[in-house]
Amino acid sequence: MLRPWKLEFEIDRKLDKAVYLQIADTIITDIRSGRLKSGDALPGSRNMAAMLKINRNTVVEAYQVLMNEEWVISKERKGIFVSDKIPVLHSKSMNRVSETEYQPMAANGMLISFDDGHPDSKIAPVTELARAYRQIFSIKAKWQMMGYGDEHGDIEFRKMISKMLNHQRGMQIQENEISITRGSQMAMFLTAQSLLTSGDGVMVENPGYQPAWQAFEYTGATLLPVPVDEEGIDIETVEKLLTQHKNIKAIYITPHRQYPTTVTLSLSRRLKLIELSNKHNITIIEDDYDNEFHFGYRPILPLSSFPELNNYVYIGTLSKVVAPALRIGYLATKNQDLLNKIGNLRKIIDVHGDVIMEQAVLQLIKDGAVKKHIKKATVHYKNKRDFVYSLLKKYMKDVADFTLPEGGLAFWIAPKTIMDWDIVTSLLLEKNIKIIHPKQYSRDNVNGFRLSYGSLSEDQLEQSIVTISEVFTKLSV
């Protein structure tokens, strides 16, 4: 079979990036630039390995990443081809690369509460953080630490965040395009207040994250709910709303693992959303709330990493990485006017951030403690995810639908029959189990709930899942 594409690529073994990811990203760049077009065949893994003088398994891993991220497809007995579902991008610059005897109670009859996806505080590097905090407080001169700092946060800390975003998430962001906040919710509020005015429209995922909705509504903006399916937010509805409303200013999305359903926004929809954002001059507010804990080859890169995207605000948090009680979030945007407004508003409500804590976390990052913790935590949460999946298959496969998430700290559970969730939550509370009522995700009726596993023990999880299954079975009869 003729494969006209010629590989123009050299492996840089000095890079702190796996070779298979270098290959995958080079091919993605060529697809974006148009060198590789829909339907084009890629070299076979053996030929590619021979050309690059590497092990064939490395090429196989690269191709697997490309298939996972939907850039290519595999055709049996034919080979690997560029996906035919990739729309054309209009680029700014393509040169940048039953009840039983089970009593599901926690110890001492305490309530078992399913949160929205909190990490396990027992494995947080609290000791290391406390040590770093004390060291920073002692080493830095008081006149340095006790004065007011920059409203956007410590400059060295912002440099580290920009390095992390560029290296790990494919972004091209500078430290002066980042603002550190006290958690991601503050970042959301500052963005809403600085971007929106009364009468503006904001498209949001439905079901979705209501605390973000509240931040938008507080500005006087109007929410425009968009349904979510197995490929993420429905782009046809987005396009229809953009033709019906002339005052839409932004769209809020959680594309990596949609909250609460955990689905990933498909590549074709990502690219179409970028096109619509540029065409209608709307800002994509991207909430990447749980990027770090991913169990596949790598997390899906943010929409904000696409150089074609004109207007975005990227929001992230370190709370899940270091410690749940640590309130450090951040936002990144190329829009300097917007960032200036955010800084001015930040000075009104909070003159500057926690400089000492920022320095302490920076020290943990430099020392490698954060990287070590993420590696340890990822293994911990993957094992727990697999444990929960085995429980779900054992106890709930006949009463609910669910899929195995590639990351994050929660499953989306959808009963096979329509449930009265007032009754469901009431019956579970009688058994000392509390779940988030689905009305917290949507103003419509959504038939599902978010089962988080990060902060609960295996015993709590098994006891709870058994009882939830029994309640579902009872109400399905």
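**A guided tour of selected sites**

Begin by selecting helix α9 (residues 235–244) together with α10: their axes approach within 10 Å and cross at roughly 10 degrees. The model on display is a predicted one. Angles under 35 degrees count as roughly parallel, and α9 and α10 are therefore roughly parallel to each other. To see the contact itself, display the side chains of Ile235, Val238, Glu239 and Leu242 on α9, and those of Arg269, Lys272, Leu273, Leu276 and His280 on α10. By character, the residues of this contact comprise five nonpolar, one polar and three charged.

**Two cis peptide bonds**

Most peptide bonds are trans. Next, select tyrosine 259 and proline 260, which are joined by a cis peptide bond with omega of about 10 degrees. Proline 260 belongs to the loop between β8 (248–253) and α10 (267–280), so the display of α10 may be kept while this loop is inspected.

Then move to asparagine 206 and proline 207, where a cis peptide bond is again present, with omega of about 5 degrees. Proline 207 is located in the loop that runs between β5 (201–206) and α8 (210–217).

**Two residues with positive phi**

Most residues other than glycine have a negative phi. Select lysine 53, which is not a glycine but has a positive phi of about 60 degrees. Lysine 53 occupies the loop between α2 (45–52) and α3 (56–68). Is this residue buried or exposed? Because residues over 50% relative accessible area are classed as exposed, lysine 53 counts as exposed at 74% relative accessibility.

Asparagine 432 is the next selection; this residue, also not a glycine, has a positive phi of about 65 degrees. Asparagine 432 lies in the loop between α14 (421–430) and β14 (433–434). Is asparagine 432 buried or exposed? The limit for a buried residue is under 20% relative accessible area; asparagine 432, with 17%, is therefore buried.

**A buried arginine**

Finally, select arginine 346 in helix α11 (residues 336–349). At 1% relative accessibility, arginine 346 counts as buried, since that value falls under the 20% limit. Add serine 179 to the selection: serine 179 and arginine 346 are 167 residues apart along the chain, and their C-alpha atoms are separated by 9.6 Å.

Technical notes. Residues numbered from 1 in each chain as written. Predicted model: local features only at pLDDT ≥ 70, side-chain atom pairs only at ≥ 80, totals over all residues. Heavy atoms only, no water. Helix = DSSP H or I, 4+ residues; strand = E, 2+ residues; numbered from the N terminus. Buried < 20%, exposed > 50% of the residue type's maximum accessible area, 1.4 Å probe, protein only. Axes fitted to C-alpha atoms, helices over the stretch in contact; angles between N-to-C directions. Parallel < 35°, antiparallel > 145°, perpendicular 65-115°, else oblique. Contact = heavy atoms within 4.5 Å. Nonpolar A, V, L, I, M, F, W, Y, C, P; charged D, E, K, R; others polar.
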